[in-house]
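This report introduces one model to a reader who has not met it before. It begins with the terms, then turns to the ligand, the enclosed space and a few single residues.

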Amino acid sequence: MQSKTAADFPWTGSHPWDVDIAIVGGGPAGLAAAIRLRWLKSMPPLPLSTCLINSGPLGGLACLGNSILTGPGLAFPAAGLVSRLRDDLDRWPLPILNNKVIGVERRHDYFRLQLEDGGSLRAAAVIMACGMLDIRNMARFWRQGVLATFGNRANIFTILRRELPACRQPLVLGGAHLSRLQQTITTLNANATLLVPPSCQGAADTGNLLQGELLELRESAGVLKGALLKTDTGLVEKQVDRVIIEFNSLELGRGLLPSGLPCLENGYLQTTTNCRTTISGLFGAGDCTGPPFAALVAMGQGAEAAFAAYDYVHRMKYNLEPALFAYFGDSRVKDNLAAPDDFPLRAELVPARLLRECPVAGLEDLWHCLDGRTSLGALCQRQGLGEEELFRRINQLVKERALTFCPL
Ligand SMILES: Cc1cc2nc3c(=O)[nH]c(=O)nc-3n(C[C@H](O)[C@H](O)[C@H](O)COP(=O)(O)OP(=O)(O)OC[C@H]3O[C@@H](n4cnc5c(N)ncnc54)[C@H](O)[C@@H]3O)c2cc1C
């Protein structure tokens, strides 16, 4: 999947934002939202541009391999889930930024997302699906140096007692409540380093407890050797042979999410009905909105947030309710679903580009005129083309999913 930068997004003409909907986080929640939105976009009459911003591997925590959807008669390994979602996105890609969102700021009628690399992206709506943990390249070392505590308190202590004495330089990641385990952890391994998120309240740096974030795990010949940390005092290289993610303290923690979001007392994004928040245009799905922490729930919420965000953007851009839930009642959309490569064009439709570059050689001149303001009828005159020929060319672009049509 190709990595994009903010500069890759086409300017949307009359709107002061780069992309209609930005999804933050590429775990089960973010992927489900992306697939749902991409599917909506694939229907030419539904105008939408979207992108995914993810700092870790696509799949999020489900990449850690051991989250399995279970039920009576069903056991579905997370790896299978992640690869199916990724395959689906690969077949019909969305722009993906390999970046981290560090701040979300509401500005007039759009959001400004501040990115870790110093850049920013403007989006009309934002779906926060960033989970509880920025997992960076940790999945690569899963069970080969990286492991997680899970379950009840007794289980956590069992894991710590088993793992900590057996390694030389462990790094334990968690939330603010990790400080309560500081003494236990230090007794089990005097070389242990504890790392809590930078904005955790009440967790000042003391002894081996650091406030900061993990940027990257280092390896040598495939073996975990160290970690690059970002702390208040700058970048720190640590020798590390084991990383333990203490999820229980993360679940209870604060300061896990980018700045500027409406958070609950316990740190989670505050959502209302349909994955909305108290800020219009801001939606939340998955673990970042609190328990239950389950992949299937995260995916359901991702899909729901996608519908809600689409509804919001459509109303804002066009002052119209989208025909979202009427695919099979709207004959225009139905026809399009039946024969997606032969969209019925009409002179009054107004095409708008969805891609930066023209994907069909020879149509570049026409491509640059598709500005979201000029109807097909006007384009016939401007290009000196008959309706039949113009529609033929436009349909070539429709087949490439390169443009959309503004509602009448
Ligand atoms: C050890 C373990 C076992 C589990 N077992 C099960 C199980 O058996 N069954 C089950 O259903 N669930 C299980 N889960 C839970 C399940 O994995 C999560 O509920 C699910 O992955 C949550 O999905 P999500 O998309 O909300 O967040 P995540 O999966 O956490 O994905 C979030 C993504 O966003 C990225 N990100 C974070 N911050 C930012 C940012 N600021 N900007 C950009 N990107 C960001 C992260 O790097 C990550 O890629 C388990 C979890 C763990 C850790």
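Helices (H or I, at least four residues) and strands (E, at least two) are DSSP runs, and they are numbered from the N terminus. With these terms, Pro292 is placed in the loop between strand E17 (282–284) and H6. The model is predicted, and local features need pLDDT of at least 70, side-chain atom pairs count only at pLDDT 80 or more, and totals for chains, interfaces and linings use all residues. Residues are numbered from 1 along each chain as its sequence is written, and side-chain values use heavy atoms, with hydrogens and water left out.

**The ligand and its shell**

A residue is taken as near a molecule or strand if one of its heavy atoms lies within 4 Å of it. Around the ligand there are 35 such residues, and those that come nearest are Ala29, Leu61, Val101, Asp287 and Ala295. Helix H1 (28–41), strand E3 (50–54), strand E4 (68–71) and helix H6 (295–318) each give at least two residues to this shell. For the classes used here, Ala, Val, Leu, Ile, Met, Phe, Trp, Tyr, Cys and Pro count as nonpolar, Asp, Glu, Lys and Arg as charged, and the others, Gly among them, as polar. By that division the shell holds 20 nonpolar, twelve polar and three charged residues.

A polar contact is a pair of N or O atoms within 3.5 Å; within protein, one must be able to donate a hydrogen and the other to accept it, and residues adjacent in sequence count only if both atoms are side-chain atoms. The table lists backbone atoms that lie at such distances from the ligand.

| Protein partner | Ligand partner | Distance |
|---|---|---|
| Pro28, polar backbone atom | oxygen atom | 3.2 Å |
| Asp287, backbone N or O atom | oxygen atom | 2.8 Å |
| Ala295, polar backbone atom | oxygen atom | 2.8 Å |

Of the 1,000 Å² of accessible area that the ligand has on its own, the protein covers 90%. Accessible areas come from the Shrake-Rupley method with a 1.4 Å probe, and for residues only the protein chains shown count as cover.

**An enclosed space**

Rolling a probe the size of a water molecule over the atoms shows where empty space is left. On a 1 Å grid over the protein atoms alone, a cavity is a set of points where a 1.4 Å probe fits but cannot get out, and its lining residues have an atom within 4 Å of a point. Grid points are joined across faces, edges and corners, and a volume is the space filled by probe spheres set on the points. The count by this rule is one cavity of 30 Å³ or more, and the largest cavity holds about 40 Å³ of space. Its lining includes Asp287, Pro291, Pro292 and Gln301, and by class the lining has five nonpolar, four polar and one charged residues.

**Backbone features**

Most residues other than glycine have a negative phi, and most peptide bonds are trans. Pro291 and Pro292 are joined by a cis peptide bond, with omega about 5 degrees. Arg136, in the loop between strand E9 (120–128) and strand E10 (146–149), has a positive phi near 45 degrees. Arg143 is also found in the loop between E9 and E10, and its phi is near 65 degrees, again a positive value.

Is each of these arginines buried or exposed? Buried means under 20% relative accessible area, exposed over 50%, and partly exposed in between (1.4 Å probe, protein chains only). Arg136 counts as buried because its relative accessibility is 12%, whereas Arg143 is exposed because its relative accessible area is 60%.

**Other single residues**

Asp18 lies in the loop between strand E1 (3–4) and strand E2 (19–24), and is buried because its relative accessible area is 13%. The side chains of Asp18 and Arg122 are joined by a polar contact of 2.6 Å. Glu246, in strand E16 (residues 242–246), is buried with a relative accessible area of 2%, and its side chain reaches the backbone nitrogen of Asn248 at 3.1 Å.

Ala29, which lies in helix H1, counts as buried at 5% relative accessibility. Ala29 and Ala306 are 277 residues apart in sequence, yet their C-alpha atoms are 9.9 Å apart in space.

How values were computed:
On a 1 Å grid over the protein atoms alone, a cavity is a set of points where a 1.4 Å probe fits but cannot get out, and a pocket is an open set with protein on both sides within 12 Å along at least five of seven lines; lining residues have an atom within 4 Å of a point.
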